[in-house]
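This report introduces a protein model to a reader who has not met it before. Please keep the sequence and the structure at hand while reading.

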Amino acid sequence: MPEPSTLTKPSRPSIHREDIFRRLVDSVTDYAIFLLDVNGNIVSWNPGAERLKGYKTDEIIGKHFSIFYTAQDLASDKPTRELKIAAEVGRFEEEGWRLRKDGSSFWAGVVVSRIHDEQGRLIGFGTITRDLTERRHADLRYRLLIESVTDYAIFSMDPRGYITSWNHGAQRIKGYRAEEIIGQNFSRFYTEEDRAAALPQYVLRTAEQTGHFTGEGWRVRKDGSKFWASVVVTPLRDEGGELFGFSKVTRDMTDRKLLLDELQRHSKELELRVQERDQSNAELEAFAYSVSHDLRAPLRAITGFAEALKEECEGQFSNEGREFLAEITGAAERLNGLIQDLLEYGRVGRISMPLASVNLLDAIHEAKRDLGGLPPGLLTIAVPKELRVRAYPQVLKQVISNLLSNAIKFRRENSSPEVSVVAETQGDTVRLNVRDNGIGIAPEHQARIWNVFERLHDREAYAGTGIGLAIVKRAMARMGGTCGVASKPGEGSTFWIELPQANEK
Ligand code: ADP
């Protein structure tokens, strides 16, 4: 045997090509490589064959190669058939179970090639066998895994979109069984419009060119019903980069899609309604504002002339005439109050200036002054002298004044009103409670009294415009505060407002 180093020296013709070949075969341990004579008896054996099949050279030479086949294969005369095919077409290739010496089986990748002499006469067969058990297990594990997936439709296609595999999820989602869909084109899952627009072809082309395609859209089940699919298509390429098909993973997202659509519709509707409402509110308010504004001049004329009439002509009036005049003056006063309140409501909505630090006790005293002389003992105030809140001074005074006048106004019959104004500080928030011992408010009315023109009593019982609390609510929102009420009918009410505390002057 020549030294291996001589292999690199082709100038030495003494090295026989057959020798080199034998050495090569002998060095291979991953493949069983052996020769058969024309009848299928083993004539050579390499270390790979010994390792794979467990036989030593001297115990296997001369034996028939059918010794490696399972009883089942032997029963169907498989070894003979294989040699026949190899003899006829030159080569036979398959994967199948083979036996080792110890009786255990392995999954073999087998190639049998015909060997002939220079005249073309058959002189034997060359056999190469590889152990593919591991690969087969991996493939099987992978296939079983994919097949068992039911939440996703997973299938593969050839390069033109003809289906080559089909899992349980695909059956569940699309309704076809594997045997009725394999071999069909995947374009049948698309709607007619999508097919007309050549979407299926586009999907495959995009996947091929960019490495994947992802998308969502309506797809058609076997029964014709539609579902919202989320799709990923990936091209399958062999080691050489040649495209041999596509895999496609599809999820049924119909529930999510319908939910999202519904949500979207709702939010659109809501948006529209809010827009409409805002617009009509704004229009209404602008209208109310200009009307109130325009009413002031004629109202001034009415009040002015009524006063003049009273001063100059009262003596000429009968009692009835004087009553009429008083009615006119009273109605004009009420109208004036209404106009003032409406204008104030509009003003509070439009206010835009920086908030100030306002002394709460000062604001309360100013509000009290606005209400005129109150009977002594009616109002008690418990508010620290230095307590400051962030607010608009005039607006805050208006708010307190509205709450105080209500607290005094909605008194119970046969009991004298008692009102207390108490401040509480919680962290950075100041709460002002305006508490009365009046008629109280039933729970079912406590929400609506904050709306414009909402009143629970007729004018004869309690005078008012129904705008005071609407101003309070709007003003508090404007100042970044909140307001509310706690009340029991017949016992009294506590109206409260909350504002951020202000430290600086
Ligand atoms: P107005 O006082 O002009 O009627 P408001 O907007 O100030 O209008 O109040 C709305 C309604 O809430 C009142 O008509 C009354 O029914 C109820 N209300 C307000 N404050 C009190 C209170 N302190 N006690 C009982 N009811 C009240």
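## The ligand and its surroundings

The side chain of Asn 406 places an N or O atom 2.8 Å from an oxygen atom of the ligand. The model in which this contact appears is a predicted one. A similar description applies to Arg 455, where an N or O atom of the side chain lies 2.7 Å from a ligand oxygen. Leu 456 takes part through its backbone: one of its polar backbone atoms is 3.2 Å from an oxygen atom of the ligand. The ligand on its own exposes 530 Å², of which the protein buries 98%.

In total, 21 residues surround the ligand. Those that come nearest are Asn 406, Asp 436, Arg 455, Gly 466 and Leu 469.

## Overall form of the chain

The chain contains 15 helices and 16 strands. Its radius of gyration is 49 Å, whereas a compact globule of 505 residues would have a value near 23 Å. Along the principal axes, the C-alpha atoms fill a box of roughly 155 × 55 × 50 Å.

## The sheet of four strands

One open sheet is built from four strands in the order E1-E4-E3-E2, and its pairing is antiparallel. At its edges are strand E1 (31-36) and strand E2 (91-99), each of which pairs on one side only. Neighbouring strands of this sheet are turned against each other by 25° on average, with direction ignored.

Strand E1 and strand E4 (residues 122-131) run antiparallel and are joined by six bridges. Leu 36 stands opposite Phe 125, which belongs to E4. Helix H6 (residues 133-148) packs on the sheet and touches E2, strand E3 (105-116) and E4. The direction of H6 makes about 125° with that of E3.

## The sheet of five strands

A further open sheet has five strands, ordered E11-E13-E14-E16-E15, with mixed pairing. Strand E11 (379-382) and strand E15 (482-488) are at the edges and have a single partner strand each, so one side of each lacks a neighbour in the sheet. From one strand to the next, the twist averages 15°.

Four bridges link E11 with strand E13 (residues 419-426), and this pair is parallel. Leu 379 has Val 419 in E13 as its bridge partner. Helix H13 (residues 360-370) lies across E11, E13 and strand E14 (429-436). Relative to E11, helix H13 runs at about 170°.

Definitions and conventions
Residues are numbered from 1 along each chain as its sequence is written. This is a predicted model: local features need pLDDT of at least 70, side-chain atom pairs count only at pLDDT 80 or more; totals for chains, interfaces and linings use all residues. Side-chain values use heavy atoms; hydrogens and water are left out. Two strands pair if DSSP finds at least two bridges between them. Helices (H or I, at least four residues) and strands (E, at least two) are DSSP runs, numbered from the N terminus. Axes are lines fitted to C-alpha atoms, for helices over the stretch in contact, and angles run from 0 to 180 degrees between N-to-C directions. Contact means heavy atoms within 4.5 Å. A residue is near a molecule or strand if one of its heavy atoms lies within 4 Å of it. A polar contact is a pair of N or O atoms within 3.5 Å; within protein, one must be able to donate a hydrogen and the other to accept it, and residues adjacent in sequence count only if both atoms are side-chain atoms. Accessible areas come from the Shrake-Rupley method with a 1.4 Å probe; for residues, only the protein chains shown count as cover. The radius of gyration is taken over C-alpha atoms; the globule rule is 2.2 Å times the number of residues to the power 0.38.
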